[in-house]
Amino acid sequence: MAAPKYTGKIEWPTKIELGRGLEGAITNETKIGYVDGEKGWLVYRGYNIFDLAEHSSFEETSYLLLFGKLPKDDELSDFKKKLVGYRKVPEVVIDVLKSIPKEVHPMSALRTGVSVLGCFDRKAEEITPKNDTEIGIKLISQMATIAGAIGRIRKGEPPIEPDPELDHSANFLYMMNGEKPDDFSAKVMDVSLILHADHGMNASTFTCMVVNSSLTDLYSSVCAGICSLKGPLHGGANERALAFLLKLKDEENAVRYVKDCVSQKKKIMGFGHRVYKAYDPRAKVLGQYSQKVTEMKGMGHLYKIAKKVEEEVIAAYGEKGIFPNVDFYSGTIYYAMGIDVLMFTPIFAVSRVSGWVARVLEYLPENRIFRPRAVYVGPLEERYIPIDKR
Ligand code: CMC
C-alpha cells in the first residue's frame, strides 16, 4: 500500500517567545523558592538566603523546603532524629560501590548507589505524597552516606559508619574525610549545603520534575537529577573552575588566563548564569568563606588568584551580566578543606536533593505529565527508498 500523502499543514504559533534551552518558559507555580536575577536575590519559602546561611542549619533548611515553614523545637528534633535514623544504607549498596572501578566519576557512582538503594526499598513503588515524603527524607540522609563512602573508596580507604552524635554536615565531612571535623569546618560545610539546596527550575530540578511527572518512583527521579547535575554547564562547573585556578601560579597568570579566554571567546567556568545578571548571592557568601578558609589553611594565594580572576572577568563581561556563580568559590573552600576535587559535584548533589524532593512533592498532588513539543522543521514528503537504490 502506498504511503498516504500528508495533507495537513504544520502550524506553530507565529510568535514563539521561548529562547533556546527553554529560556523564558514557565513550568508551574511554586512556593518553594524565588530567584530575582536582576537584583541578585534568592529566597527559600520567603526567607532570604543570607539570613538562612547565617542562622539556619542544613537540617532546618531542608525541613523548611519540604514542609513550608521553619520547624518548632520538637519538630526540628524529630526531623533530625529521622535523618540520623536513616543514615545507614544497606550493606549491598556499599558492596556495589566497592565494585565500581576507582577511576569512574563519583557522580556516576552516586547515581549507581541511589539506584541500588531504590532496588532495596520495598516501598519504592508506592507513589503517594506520604510515602514519597518519607523516601525523600531517607534520600536526604542517605545520599550523604553514599557520597561519603564513595569519597573513601576512591582513596582506597574503607567506608566509615555514620556517627549519630554528629549533625548532618559534620557527619558528612567525617564520612568523607575520616576525621571528626572542627566546628568551623562543619559550619562551612553546613553553610555550603544550605546555599546549594534549591535554585529555581535549574536543569537538574527540572529533570527530576519531568521524570517524576510520569509518576515513576522517587529514586528514579533523583537518579535523573544526579545525571543532569553532573554536567560541566551545571554542577560539574565547580570542579572545572578549581582545575583552572590550580593551574594559575599567581595573579599575573590569572590576568593572562582571562585575557586569553576573552580573546578566544572561551567560557570561564564558575561564571555566568541563565537567571542572574547580577552577582549571585551564593557566590557572595562563599567568596567570604573562601577567603577565611584558604587563609586558615595556608592557601591564601588561591583566594587571591580567584579574586583576581573575578575582577578581570567582571571588567571584561560585567556589563553583559556575567559574574561569579555558586560554583566559582565553592571549589576553593572544599580544596582547602582537603576534599578531593572530583567530590565537589557529589557535595552539590547531597545538598540539592532537598530542593529536588521539595519541588517534586509540591507538584505531586496536582501532577500533570510534562509534555512540551518541538518545532518540526524537517521534510514531510519523503518516500521510502529500497536500500539498494539509495
Ligand atoms: N564565560 C564567558 N562568557 C560567558 C560565560 C562564561 N562563563 N557564560 C556565558 N557567557 C556568554 C556567552 O558566551 C554568550 O555570549 P554571546 O551572547 O556573546 O554569544 C552569553 O554569555 C550567553 O551565554 P549562554 O551560554 O547562552 O548562557 P546560558 O544562559 O545558556 O548559560 C550557563 C548559562 C551557566 C550555562 C553559562 O553561563 C555557562 O556556561 N557558564 C559556565 C559554566 C558554569 O559556571 N556553570 C555553573 C552554573 S551556576 C550553578 C549550576 O547550575 O550548577
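A salt bridge is counted here when a side-chain nitrogen of Lys or Arg lies within 4 Å of a carboxyl oxygen of Asp or Glu. The structure is a predicted model, and a search of the whole of it finds 15 salt bridges. Three of these pairs are described below, after which the text turns to the ligand.

**Salt bridges**

K308 and E311 form a salt bridge, their closest N and O atoms being 3.4 Å apart. The two residues are 3 residues apart in helix 14 (residues 300-317), which means that about one helical turn separates them. K308 has a relative accessible area of 22% and is partly exposed. E311 is also partly exposed, at 40% relative accessibility.

The pair of E161 and K88 has its closest N and O atoms 3.3 Å apart. This pair links distant parts of the chain, 73 residues apart: E161 is in the loop between helix 6 (129-154) and helix 7 (168-177), while K88 is in the loop between helix 3 (73-86) and helix 4 (91-99). K88 is partly exposed, with a relative accessible area of 48%.

D163 forms a salt bridge with K180, and here the closest N and O atoms are 3.1 Å apart. D163 sits in the loop between helix 6 and helix 7, and K180 in the loop between helix 7 and helix 8 (183-196), so the salt bridge ties together parts that are 17 residues apart in sequence. The relative accessibility of D163 is 12%, and because residues under 20% count as buried, D163 is buried.

**The ligand**

The shell around the ligand draws residues from both domain 1 (56-234 + 341-366) and domain 2 (237-336), so the ligand lies between the two domains. There are 20 residues around the ligand, and those that come nearest are H234, K267, I268, F271 and R274. By class, the shell is made up of 10 nonpolar, 6 polar and 4 charged residues.

Polar side-chain atoms of three residues are listed here with their distances to an oxygen atom of the ligand.

| Residue | Distance from a polar side-chain atom to a ligand oxygen |
|---|---|
| K267 | 2.5 Å |
| K320 | 2.9 Å |
| N325 | 2.9 Å |

On its own, the ligand has 920 Å² of accessible area, and the protein covers 69% of it. K267 thus appears twice in this account: it is among the residues that come nearest to the ligand, and a side-chain N or O atom of K267 is 2.5 Å from a ligand oxygen.

Note on methods: Residues are numbered from 1 along each chain as its sequence is written. This is a predicted model: local features need pLDDT of at least 70, side-chain atom pairs count only at pLDDT 80 or more; totals for chains, interfaces and linings use all residues. Side-chain values use heavy atoms; hydrogens and water are left out. A residue is near a molecule or strand if one of its heavy atoms lies within 4 Å of it. A polar contact is a pair of N or O atoms within 3.5 Å; within protein, one must be able to donate a hydrogen and the other to accept it, and residues adjacent in sequence count only if both atoms are side-chain atoms. Accessible areas come from the Shrake-Rupley method with a 1.4 Å probe; for residues, only the protein chains shown count as cover. Ala, Val, Leu, Ile, Met, Phe, Trp, Tyr, Cys and Pro count as nonpolar, Asp, Glu, Lys and Arg as charged, and the others, Gly among them, as polar. Domain bounds come from an automatic or database domain assignment. Helices (H or I, at least four residues) and strands (E, at least two) are DSSP runs, numbered from the N terminus. Buried means under 20% relative accessible area, exposed over 50%, partly exposed in between (1.4 Å probe, protein chains only).
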